[in-house]
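The exercises below concern one protein chain with a bound ligand. Each gives a task and then a solution in steps.

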Amino acid sequence: MSANNEEMLVTPWEVRGKIDYDKLIKDFGTQPLTPELLERIRQFTGTLHPQLKRRIFFSHRDLDWILQRYEAGEKFVLYTGRGPSGPVHIGHLAPWIFTKYLQDKFEAKLYFQITDDERFLYHEKFSMEEPSKWAYENALDLIALGFDSKKTRIILDTKSMGVMYDLAIQIAKRVTFSTARAVFGFQDSTNIGLVFYPAVQAVPAFLESALVGHNVPCLIPAAIDQDPYWRMTRDVAPKLGYYKPAQIHCRFVPGLGTGGKMSASMPETAIFTIDPPALAEKKVLAAFTGGRTTVEEQRRLGANPDICSVFAYDYFLFMNEKEIEALRYNCLAGNIMCGECKQILAERVKKFLIEHQEKREKAKDRFEEYLFNPKDT
Ligand code: TYM
């Protein structure tokens, strides 16, 4: 069955079906990013990031409030993260690239949580070896994106738990099992580690406030699958006297198949940052497109960029405003064939991977520099 025919499901651990983002805004109780709010952001940043212009980031909670506080002189911290169960794919990079833009524009400190504990608890067959290995490997991807080492702190849960535990139990004490079950869908068979874990993911939202001894606003950029954590975290915040963390949510970079988000569980339709460039090229050349059955038909009728995974990649990550508009026009008009389009994307993906992999290599000596140390707050 095509991913698009399945019923929509969006949880922190599983995303499937055709995603209806308007429905998610309603179901999750978030706010759409309005043109007025985008204009407010532009007043601070000068230019709007393509992920904002294109509504790849499409929804938020309390972003207006964060900007108000910022205007009044109160700086915010950023918080995002990664569950290290395998290699990073370029879908994961989309919210991180955007987070870097926010760090640069607002000179914000970033807490980046690597949840080796979550992945150990979630994957039945994992020993601690796998998440520990991937934690380090995934951190290299983050560092390779150029985050400022003075303003970025990587929290590796199993290493940083000493500092986090006090907050984690404060949070856990204020969430009943019945709330956790309703928010996360826990079953009788769920292990109790996973039931406690959401308290751990809530900690970095309050960490800066706890460390400096006064409330500091926190903004979380991430795809919308992480939202259940923030609903719980926001519920607890006033009970502990902290600000509720704000969020800005992005859409999912799709896989190269017929729909659904890019996912490590479908490696043939995902491009991993550690893929050899030639393999990534192969995956792009095999991608699902919105093309017609024959060249003649496509020249006459044009193709459909709205269902095309190649167009989606260009749109999410690889083309600027002018290029993407021209591509849409030429695709609809039947001026460009899918083979040519795939080749253009494949070249860009390869170039990106070659450069990113060089930066990953250089990042290998710098992991410790980024690691969270409560003494340097
Ligand atoms: P994880 O490792 O599943 O995902 C890491 C980040 O990537 C986003 N994401 C995507 N974004 C765009 N397109 C996709 N196809 C795609 N797939 C995943 C996720 O939303 C996430 O932002 N529990 C978390 C780790 C975590 C975290 C956080 C994430 C801890 N604290 C704070 C975000 C914010 C996890 O397993 O993420």
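Contact here means heavy atoms within 4.5 Å. The model is predicted.

**Exercise 1. Place Glu-281 in the fold, decide whether it is buried or exposed, and list what it touches.**

Step 1. Glu-281 belongs to helix H12, which runs over residues 277-285.

Step 2. The cut-off for a buried residue is under 20% relative accessible area. Glu-281 has 18% relative accessibility, so it counts as buried.

Step 3. Not counting residues up to four places away in sequence, Glu-281 touches Gln-343, Ala-346, Glu-347 and Lys-350.

Step 4. For Gln-343 there is also a polar contact: its side chain and that of Glu-281 are joined at 3.3 Å.

**Exercise 2. Describe the surroundings of the ligand: which residues come nearest, which elements contribute, and what kinds of residue make up the shell.**

Step 1. There are 25 residues around the ligand, and Tyr-79, Arg-82, Gly-83, Arg-119 and Asp-225 come nearest.

Step 2. Look at the N and O atoms. The side chain of Tyr-79 has an N or O atom 2.8 Å from a nitrogen atom of the ligand. For Arg-82, a side-chain N or O atom is 2.7 Å from a ligand oxygen atom. In the case of Gln-226, the side chain places an N or O atom 3.1 Å from a nitrogen atom of the ligand.

Step 3. Taken alone, the ligand exposes 680 Å², and the protein buries 98% of that area.

Step 4. Two or more shell residues come from each of strand S5 (77-82), helix H5 (90-106), helix H6 (116-122) and strand S8 (218-223). S5 provides the largest share, four residues.

Step 5. By residue type, the shell consists of nine nonpolar, ten polar and six charged residues.

**Exercise 3. Check the length of helix H11 against the expected span, and state how many of its residues are buried.**

Step 1. H11 covers residues 227-240, which is 14 residues. The expected span is 1.5 Å times one less than the number of residues.

Step 2. That rule gives 20 Å for H11, and the end C-alpha atoms are 20 Å apart, so the two values agree.

Step 3. Ten of the 14 residues are buried, and H11 is mostly covered. Among the buried residues are Asp-227, Tyr-229, Trp-230, Arg-234 and Leu-240.

Step 4. Just after H11, Gly-241 takes a positive phi of about 80 degrees.

**Exercise 4. Find the place of Arg-174, give its exposure, and identify its contacts.**

Step 1. Arg-174 lies in the loop between helix H8 (157-172) and helix H9 (177-184).

Step 2. Its relative accessibility is 30%, so Arg-174 counts as partly exposed.

Step 3. Leaving aside neighbours within four places in sequence, the contacts of Arg-174 are Val-236, Lys-239 and Leu-240. Val-236 and Leu-240 are also among the buried residues of H11.

Step 4. The side chain of Arg-174 reaches the backbone oxygen of Gln-170 at 2.7 Å.

Step 5. For a separation in space, take Ile-192: from Arg-174 it is 18 residues away in sequence and 16 Å away, C-alpha to C-alpha.

**Exercise 5. Locate Ser-263, decide whether it is buried or exposed, and name its partners.**

Step 1. Ser-263 sits in the loop between strand S9 (246-250) and H12.

Step 2. A relative accessible area of 16% makes Ser-263 buried.

Step 3. The side chains of Ser-263 and Ser-265 make a polar contact at 2.7 Å.

Step 4. Beyond the neighbours within four places in sequence, Ser-263 is in contact with His-89 and Ala-270.

**Exercise 6. Report phi for Arg-55 and for Asp-62, and state where each residue lies.**

Step 1. Arg-55 has a phi near 60 degrees, a positive value in a residue other than glycine. Its place is the loop between helix H3 (50-53) and strand S4 (57-61), and at 29% relative accessibility Arg-55 counts as partly exposed.

Step 2. Asp-62, also a residue other than glycine, has a positive phi near 60 degrees. Asp-62 is found in the loop between S4 and helix H4 (63-71), and its relative accessible area of 25% makes Asp-62 partly exposed.

Methods
Residues numbered from 1 in each chain as written. Predicted model: local features only at pLDDT ≥ 70, side-chain atom pairs only at ≥ 80, totals over all residues. Heavy atoms only, no water. Near = heavy atom within 4 Å. Polar contact = N/O pair within 3.5 Å; in protein donor to acceptor, adjacent residues only side chain to side chain. Areas by Shrake-Rupley, 256 points an atom, 1.4 Å probe, with all protein chains shown as cover. Nonpolar A, V, L, I, M, F, W, Y, C, P; charged D, E, K, R; others polar. Buried < 20%, exposed > 50% of the residue type's maximum accessible area, 1.4 Å probe, protein only.
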